[in-house]
Amino acid sequence: MELAEVVPWGRGLNEYKAMFSLSDNDLKKSILGCGDGPASFNAELSKSGHDIVSVDPIYQFNSKEIRSRIDEVYPQIMSQVAKNTEDYVWKNIANFEAMGSTRMAAMQSFLADYAQGKKSGRYINASLPRLPFKNIEFELALCSHYLFLYSEQVNQKQHLLSMKELCRVAAEVRVYPLLSISNNQISPHLTSVISGLKNCDLSVSLVPVEYEFQKGANEMLVVKRV
Ligand SMILES: C[S@@+](CC[C@H](N)C(=O)[O-])C[C@H]1O[C@@H](n2cnc3c(N)ncnc32)[C@H](O)[C@@H]1O
């Protein structure tokens, strides 16, 4: 992965809670955040003593490199969203300005925590479909805004392998959103991934969530061992 290919964009704990319907009990579990990038989920959760590890290939870069890429990319993403405001639901995030400040605050909070968190093993450079963890090392794995969203870049085989890998390392896996970023439609890989997981004796369900920003992205995929 080249730094120039990275498009850092991160959400905070409140958005993660809403996207994945996380209860207080869920937050007490050992959690893997897969593809957390510059989200502040890990920084905020670990500050309150919770057990969380994040993996992402951008953790091969140092904080200075990630910060400079954020500064470069932030105005570009904001101008894209400004051109397409009707593609979003302004509910959990009230308006365009709030989106910009919320995302930037989350990324700043990540950057402030990153060096220390990396040292203590909370930020690990790894990539799906291979994760450096033992079977069922985590009670819950969350994957926000990577699988299904990038359906054009990540093919069907990689999706199924990635989901199986997440199910290997965690007792329960939740993924959100399930729409492709290219057309805001349900990912073309979803149906086949669901049947592939059911064939592995996993319980699979689509669960409505209260969060919606990308229009129509109002459910998560939940996979558990039976
Ligand atoms: C749009 S960002 C989402 C960040 C965060 N999860 C959030 O929702 O705020 C997508 C993330 O997926 C990461 N990613 C890309 N390829 C990956 C892979 N093979 N395995 C895990 N994460 C990957 C990117 O580096 C990036 O940080």
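Author: Let's fix a word before we start: buried means under 20% relative accessible area, exposed means over 50%, and partly exposed is in between, with a 1.4 Å probe and protein chains only. This is a predicted model, where local features need pLDDT of at least 70 and side-chain atom pairs count only at pLDDT 80 or more, while totals for chains, interfaces and linings use all residues. Residues are numbered from 1 along each chain as its sequence is written, and side-chain values use heavy atoms, leaving out hydrogens and water.

Reader: OK, why does His-145 count as buried?

Author: Its relative accessibility is 16%, and the cut-off is under 20%, so His-145 counts as buried.

Reader: What makes the pair of His-145 and Ser-144 side chains a polar contact?

Author: The distance is 2.9 Å. A polar contact is a pair of N or O atoms within 3.5 Å; within protein, one must be able to donate a hydrogen and the other to accept it, and residues adjacent in sequence count only if both atoms are side-chain atoms. Here the contact joins side chain to side chain.

Reader: Which side-chain distances to the ligand involve Ser-144 and Asp-56?

Author: A polar side-chain atom of Ser-144 sits 2.4 Å from a ligand oxygen, and for Asp-56 a side-chain N or O atom is 2.6 Å from an oxygen of the ligand. Tyr-16 puts a polar side-chain atom 2.9 Å from a ligand nitrogen.

Reader: How much of the ligand does the protein bury?

Author: 89% of the 610 Å² that the ligand exposes when taken alone, with areas from the Shrake-Rupley method and a 1.4 Å probe; for residues, only the protein chains shown count as cover.
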